[in-house]
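Q: Please take a close look at one charged residue in this model and the part of the fold around it. I would like a connected walk outward from that residue, with a word on how far the prediction can be trusted.

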Amino acid sequence: MRKQEGLGEDAVILIAPFHVDPPMRMPDDMCALLVVAVDVTIDAEPQLFAGDWLPEMRPADKADGDLVLQLTQHHRDEAAVDVEMLLACHGRWTRAGIWNGLSVEWPQVIASTVHTVMGLHTDSVEAAVPGDTVCA
């Protein structure tokens, strides 16, 4: 599957045809999870969701279009996770979504939104007049 999808050996697979337990926190030495693949079906069922851990955030002006997730422990429930989604756009990191108190099903909950944000950004960049900077 990694080879078929062009994923590196270190890619974190959050949703796949087989069951995988998703991470519920950031590893100690990482600051974000860069989304590298997300595929959903027409009925918005996620089929693949994968990312690469980042030890540090790239400057937004050098990461235009990158979408990252940050995972933190929910303040009231140690077993739950808060997920923040950031998009690099116009030279800055912009919050594109936040979900609080999610269970281990969090990748399924946010996959269609991640897919939509990535698609909107790609569509807007492709439709932009050369020289224009457009972000979804």
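A: Let's start with Glu84, which is buried: its relative accessible area is 19%, and the cut-off for that label is under 20%. Please keep in mind that this is a predicted model.

The side chain of Glu84 has a charged partner, since Glu84 and Arg95 meet in a salt bridge with an N to O distance of 2.9 Å. This pair links distant parts of the chain, with Glu84 in strand β5 and Arg95 in strand β6, eleven residues apart. The two ends differ in their surroundings: Arg95 is exposed, at a relative accessible area of 51%, whereas Glu84 is buried at 19%.

Now for the two strands that carry this pair. β5 covers residues 81–89 and β6 covers residues 92–102, and they pair in the antiparallel sense over eight bridges. You can follow the register through the bridge partners: Val81 is matched with Leu102 in β6, and Met85 is matched with Gly97 in β6. Together β5 and β6 make a hairpin with two residues between them. In that turn, His90 has a positive phi of about 55°.

Stepping back, the hairpin belongs to an open sheet of six strands, in the order β1-β3-β2-β4-β5-β6, with antiparallel pairing. β6 is at one edge and β1 (12–15) at the other; each has a single partner strand, so one side of each is left without a neighbour in the sheet. From one strand to the next, the twist averages 30°. In a regular strand, side chains alternate between the two faces of the sheet.

β5 also contributes to the nonpolar interior. The largest nonpolar core has 24 residues, and Val83 is among the members that touch the most others, along with Phe49, Leu69, Trp106, Ile110 and Val114. At least two residues of this core come from each of β1, β2 (32–40), β4 (67–73), β5, β6 and α2 (106–127). Ile110 shows how these parts meet: beyond its neighbours within four places in sequence, Ile110 is in contact with Phe49, Leu69, Val83, Trp99 and Leu102. A second, separate core has six residues, including Leu7, Ile13, Ala37 and Ala50.

For a comparison with Glu84, consider Asp66, in the loop between β3 (46–54) and β4. Asp66 is buried as well, at a relative accessible area of 18%. The side chain of Asp66 forms a salt bridge with that of Arg58, at 3.6 Å from N to O, and Arg58 is partly exposed at 39%. Leaving out residues up to four places away in sequence, Asp66 touches Leu34, Arg58, Leu86, Leu87, Ala88 and Trp93. In total, the model has two salt bridges.

Finally, how far can you trust the picture? The chain averages a pLDDT of 86, and 84% of the residues score at least 70. The stretch to treat with care is residues 123–129, where pLDDT stays under 50 and the model has five contacts beyond four places in sequence. Where pLDDT is low, the predicted coordinates should not be read in detail.

How values were computed
Residues numbered from 1 in each chain as written. Predicted model: local features only at pLDDT ≥ 70, side-chain atom pairs only at ≥ 80, totals over all residues. Heavy atoms only, no water. Pairing = 2+ DSSP bridges. Helix = DSSP H or I, 4+ residues; strand = E, 2+ residues; numbered from the N terminus. pLDDT = per-residue confidence, 0-100. Contact = heavy atoms within 4.5 Å. Axes fitted to C-alpha atoms, helices over the stretch in contact; angles between N-to-C directions. Salt bridge = Lys/Arg side-chain N within 4 Å of Asp/Glu carboxyl O. Buried < 20%, exposed > 50% of the residue type's maximum accessible area, 1.4 Å probe, protein only. Core = buried A, V, L, I, M, F, W, Y, C linked by side-chain atoms within 4.5 Å.
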